[in-house]
Amino acid sequence: MYNDGRLSWFLKGVLALGYLFLYVPILSLIVYSFNASKLVTVWGGFSTRWYGSLFQNDQIISAVLLSVKIALASACAAVVLGTVAGFVLARFKRFRGSTLFAGMMTAPMVMPEVITGLSMLLLFISMQQFFGAPSERGFFTIWIGHTTLCMAYVAVVVRSRLMEIDQSLEDAAMDLGARPMKIFFKITLPLVSQAIASGFLLSVTLSLDDLVTTAFLSGPGSTTLPQVIFSKVRLGLNPEINALATITVLVVGTIVIVANYLMMNAQRKRDKAIAAAMRGDDADQQNGAGSAKAAVSLA
């Protein structure tokens with residue numbers, strides 16, 4: 001049996017190995033993005049030539065812009081639909097078809113992407129035959145597919161947060177005469193704002209990372225960034241991809257740090273407000289008790 005010291009060093013070693021396994025490949029990718037040689041695995045000196053070459057590559061730039069547009073549009077739609085679905089699952093637990101509704105909401109998370117992409121492709125082909133729309137596969141079809149996938153994750157995150165919130169806050173507001181829409185926007189929505197922000201960032205990540213579903217739903221002139229990277233990697237490693245990955249890591253890391261800071265700052269302010277309200281209630285109770293004692297003594 002290990003003592004506390006040996007167990008502590010063992011856990012630290014396992015943690016260090018885990019971090020090395022995760023982040024050493026990323027660090028090596030960043031280092032080789034400044035490699036002057038065309039051979040990705042052979043160091044030829046320090047150079048930033050591949051960053052200049054990257055910004056002159058029209059194919060990659062157009063793919064990045066398209067992927068970002070689809071990711072932001074999908075995340076916005078998924079946040080709206082997923083928040084409503086999560087609210088329904090958390091607050092209206094029993095209604096006709098609730099089990100089917102919950103199963104359909106979580107199905108995109110567990111369904112293989114090949115099946116999802118193929119089924120949506122067949123759906124769009126049938127719609128085109130019967131209704132004439134969509135006329136071609138592109139931004140719209142990819143957006144629908146990504147929204148369907150991301151909405152499930154947002155719904156699960158928001159539902160988990162709503163299950164942790166004391167519903168008596170909403171009941172108290174309703175007893176005081178507040179209408180359901182006002183309760184939702186004034187009480188419920190601020191309490192789940194961090195979950196919504198997390199769902200938005202998760203949706204952006206899932207959309208930017210998706211390849212399988214996009215391959216079924218994209219058409220000529222609508223090639224996303226994962227498709228471009230996959231096609232280039234199949235033909236051989238390209239130093240421009242290392243430069244692109246380095247910029248992606250920098251941008252994503254900055255967004256995550258800023259988002260975490262803002263959410264933690266908002267949580268601290270919320271905790272201070274709750275603590276101040278609790279102190280105010282305690283002071284009111286003490287004042288009430290003092291007034292009662294004074295009244296008794298006068299009597």
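This report walks through helix crossings, cysteines, a salt bridge and a few individual residues in a predicted model.

**Helices around α3**

Let's start with α3, which spans residues 58–91, and its meeting with α6, residues 139–164. Two packed helices are described by the angle between their axes and the distance between the axes. For α3 and α6, the axes come within 5 Å and cross at roughly 40°. That angle makes α3 oblique to α6, because anything under 35 degrees would count as roughly parallel and 65 to 115 as roughly perpendicular. The crossing is right-handed. As for what sits in the contact of α3 with α6, its residues divide into 21 nonpolar, six polar and three charged.

α3 also has a crossing with α4, the helix of residues 98–110. Here the axes come within 11 Å and the angle is roughly 140°. So α3 is oblique to α4 too, since an angle has to be over 145 to count as roughly antiparallel. The handedness of the α3 and α4 crossing is left-handed.

**Cysteines**

How many disulfides does a search of the whole structure find? Zero. A disulfide is a covalent bond between the sulfur atoms of two cysteines. Take C76: the nearest cysteine sulfur belongs to C150 and is 11 Å away, and C76 is in no disulfide. The cut-off for a disulfide is 2.5 Å between the sulfur atoms, so a pair at 11 Å doesn't qualify. Seen from the other side, C150 is in no disulfide either, with the sulfur of C76 as its nearest cysteine sulfur. As for their surroundings, C76 counts as partly exposed because its relative accessibility is 44%, whereas C150, at 0%, counts as buried.

**The salt bridge**

Side chains of opposite charge can pair when their charged atoms come close. The count of salt bridges in this model comes to one, and the partners are R161 and E164. Their closest N and O atoms are 3.5 Å apart, so the pair falls within the 4 Å limit. Where do R161 and E164 sit relative to one another in helix α6? They are three residues apart, so about one helical turn separates them. R161 is partly exposed, with a relative accessible area of 27%, while E164 is exposed at 62%.

**Three more residues**

R179 belongs to the loop between α7 (168–175) and α8 (180–191). At 67% relative accessibility, this arginine counts as exposed. Over in α8 you'll find I183, which is buried because its relative accessibility is 5%. A215 is part of helix α10, residues 212–217, and counts as partly exposed at 45%.

For each of these residues there's a C-alpha distance to a residue elsewhere in the chain, tabulated here.

| Residue pair | Separation in sequence | C-alpha to C-alpha distance |
|---|---|---|
| R179 and V42 | 137 residues | 67 Å |
| I183 and E170 | 13 residues | 6.5 Å |
| A215 and A266 | 51 residues | 39 Å |

To tie up the helix story: α3 crosses α6 in a right-handed way and α4 in a left-handed one. α6 also carries both R161 and E164, the partners of the salt bridge.

How values were computed: Residues numbered from 1 in each chain as written. Predicted model: local features only at pLDDT ≥ 70, side-chain atom pairs only at ≥ 80, totals over all residues. Heavy atoms only, no water. Axes fitted to C-alpha atoms, helices over the stretch in contact; angles between N-to-C directions. Helix = DSSP H or I, 4+ residues; strand = E, 2+ residues; numbered from the N terminus. Left-handed = near helix turned anticlockwise from the far one by under 90°. Nonpolar A, V, L, I, M, F, W, Y, C, P; charged D, E, K, R; others polar. Buried < 20%, exposed > 50% of the residue type's maximum accessible area, 1.4 Å probe, protein only. Salt bridge = Lys/Arg side-chain N within 4 Å of Asp/Glu carboxyl O.
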